[in-house]
2 protein chains.
Amino acid sequence: MNELPPFLDDPADTQEEILKATYAALCTHGYSDITIQRIGDEFPKSKSLLYHHYDGKDDLLRELLDYMIDQAEEMIPWDQGTAAEERIDVIVDHMFGAEDIWGDVDFSRALVELRAQAAHDDQYREHFTRSDRFVRKAIESIVRSGVEDGSFQSVDPAQTAAMFQVMGTGTMTQRVTNDDPALEECRAEFERYVRDCLLAE
Amino acid sequence: MNELPPFLDDPADTQEEILKATYAALCTHGYSDITIQRIGDEFPKSKSLLYHHYDGKDDLLRELLDYMIDQAEEMIPWDQGTAAEERIDVIVDHMFGAEDIWGDVDFSRALVELRAQAAHDDQYREHFTRSDRFVRKAIESIVRSGVEDGSFQSVDPAQTAAMFQVMGTGTMTQRVTNDDPALEECRAEFERYVRDCLLAE
């Protein structure tokens, strides 16, 4: 996903302006240093709107995450015609590429920090449970179409999708928490797995 | 690693008692709620020793992490005689098993939270860079011995080890941040990869 979701490009209403400000503050300060005050600094309207509608920074951050999945669900062209193999290549590129989500390493960093909140916060965990499932289902449908058209081996699409999604969690986490994340070596091996275990011979 | 490192079992000196107290407080409160005060509550001696030697909770937590790697390096029997295939099975068990590090899900949670600090803190990032490299080197040496004795295919040990290590980061993160982490499906696929891409035919 390199295309920005519409609300970041051109917020349609006050709620979207608030979420855009939250996104900007999150990228600038990270989870550890974000405050409602700093979100307010990015918000062009009266800050009282922020305090009126939201209980605190986590309330805003969770709404941002939920909103982003909803928009991602709309942005994914589920029925797109591109060959399954090409679509898998794009996913592998995103998992290992230098490119971060929307080209923004700060947002990747913030996502890793937000995910860690799910270790002790049920509401964050609900969010990541939902977004991981969304990613798995998207990959599963690509794998299924490749199995059906014979370009893939007759693998179990749900199992393949789980491997991709968990590996994606691993690559994003490594990229922002390790100065030498070994992602090139990992990518070479993952591509060997795709060639030998997924693509038809 | 199910065996506790010696300093948790039977601390040898004041420094080890402090680190044991830090470990206990971390498991109980998690990174988000740990304080020097709470570490002091777990420490049987004078709390002034804590304040005297350490600049703050992060200073203590990083020392705990570093100390743990050092002990892990000593605990790993690098030259152990077990067949490479069995040693790989044990690693896969640890990556996907219900069992957490030292059987302690609270410590797994805390490790995911601490790793997320590395997204914005250079010193934590140095630690995880070092500990990830340690894990990769350990796996690489197992893979190399399997390649040499012919029980594995002639794979690139560094690439294989990178895939295992990044996947391990993914599984640990998923387990504590997702209520439905799909680790069974992922494991089935990862075991298929090990069978088809690693073990000799």
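1. A helix here means a DSSP run of H or I, at least four residues in length, with numbering from the N terminus. On that footing, A:Ile69 belongs to helix α5 of chain A, residues 57–75. This is a predicted model, and every point below should be taken in that light.

2. Confidence next. The average pLDDT of chain A is 90, and 93% of its residues score at least 70. For the model as a whole, ipTM is 0.92 and pTM is 0.92. The usual caution still holds: where pLDDT is low, the predicted coordinates should not be read in detail.

3. How do the two chains relate? A turn of 180 degrees, with a shift of 0.0 Å along the axis, lays chain B on chain A at an RMSD of 0.0 Å. That makes it the relation of a two-fold axis. Within chain B, B:Gly170 has the C-alpha nearest the axis, at 1.9 Å from it. The same surface serves both copies, with 98% of chain B's contact residues recurring in chain A.

4. Back to A:Ile69. Its relative accessible area is 6%, so it counts as buried. Which residues does A:Ile69 contact, once neighbours within four places in sequence are left aside? They are A:His127, A:Arg130, A:Ser131 and A:Phe134. If you want a distance to check in the viewer, the C-alpha atoms of A:Ile69 and A:Pro11 are 16 Å apart, with the two positions 58 residues apart along the chain.

5. Have a look at helix α2 of chain A, residues 14–33. At 1.5 Å a residue, a straight helix of 20 residues would span 28 Å, yet the end C-alpha atoms of this one are only 24 Å apart. Where does α2(A) bend? The bend is at A:Cys27, and it comes to about 75 degrees. A:Cys27 is also among the buried residues of α2(A), as are A:Leu26 and A:Gly30.

6. The N-terminal end of that helix has some polar detail. A:Asp13 sits in the loop between α1 (6–9) and α2 of chain A. With a relative accessible area of 36%, A:Asp13 is partly exposed. At the start of α2(A), one of its side-chain oxygens comes to within 3.3 Å of the backbone nitrogen of A:Gln15. The A:Asp13 side chain also reaches the backbone nitrogen of A:Glu16, at 2.9 Å. A:Glu16 itself is on the list of buried residues of α2(A).

7. Still in α2 of chain A, consider A:Thr22. Buried or exposed? A:Thr22 is buried, at 0% relative accessible area. Not counting residues up to four places away in sequence, A:Thr22 touches A:Ile34, A:Ile39, A:Leu60, A:Leu61 and A:Leu64. Other buried residues of α2(A) include A:Ile18, A:Leu19, A:Ala25 and A:Tyr31. When reading such a list, remember that an α-helix has 3.6 residues a turn, so residues three or four places apart point the same way.

8. Helix α8 of chain B (residues 122–148) makes a useful counterpart. Its 27 residues should span 39 Å at 1.5 Å a residue, and the end C-alpha atoms lie 38 Å apart, which agrees. What caps the N-terminal end of α8(B)? B:Asp121 does, through a side-chain oxygen 2.8 Å from the backbone nitrogen of B:Gln123. After α8(B) comes B:Gly150, with a positive phi near 80 degrees.

9. In chain A, α8 (residues 122–148) holds A:Glu140. This glutamate is one I'd click on: its relative accessible area is 12%, which puts A:Glu140 under the 20% limit for buried. Setting aside neighbours within four places in sequence, A:Glu140 is in contact with A:Pro157, A:Ala158 and A:Ala161.

10. Last, some backbone geometry to check. Most residues other than glycine have a negative phi. A:Ala182 is not a glycine, yet its phi is positive, at about 60 degrees. B:Ala182 also has a positive phi, of about 55 degrees. Where do these alanines sit? A:Ala182 lies in the loop between α9 (157–177) and α10 (183–197) of chain A, and B:Ala182 is in the loop between α9 and α10 of chain B. A:Ala182 is buried, with a relative accessible area of 6%. For B:Ala182 the value is 5%, and that residue is buried too.

Key:
Residues are numbered from 1 along each chain as its sequence is written. Chains are lettered from A and ligands numbered from 1 in the order in which they are written. Side-chain values use heavy atoms; hydrogens and water are left out. Copies are superposed by least squares on the C-alpha atoms of residues with pLDDT of at least 70 in both. Contact means heavy atoms within 4.5 Å. Helices (H or I, at least four residues) and strands (E, at least two) are DSSP runs, numbered from the N terminus. The expected span of a helix is 1.5 Å times one less than its number of residues. The bend at a residue is the angle between axes fitted to the seven residues ending there and the seven starting there. Buried means under 20% relative accessible area, exposed over 50%, partly exposed in between (1.4 Å probe, protein chains only). A polar contact is a pair of N or O atoms within 3.5 Å; within protein, one must be able to donate a hydrogen and the other to accept it, and residues adjacent in sequence count only if both atoms are side-chain atoms. pLDDT is the predictor's confidence in each residue, from 0 to 100.
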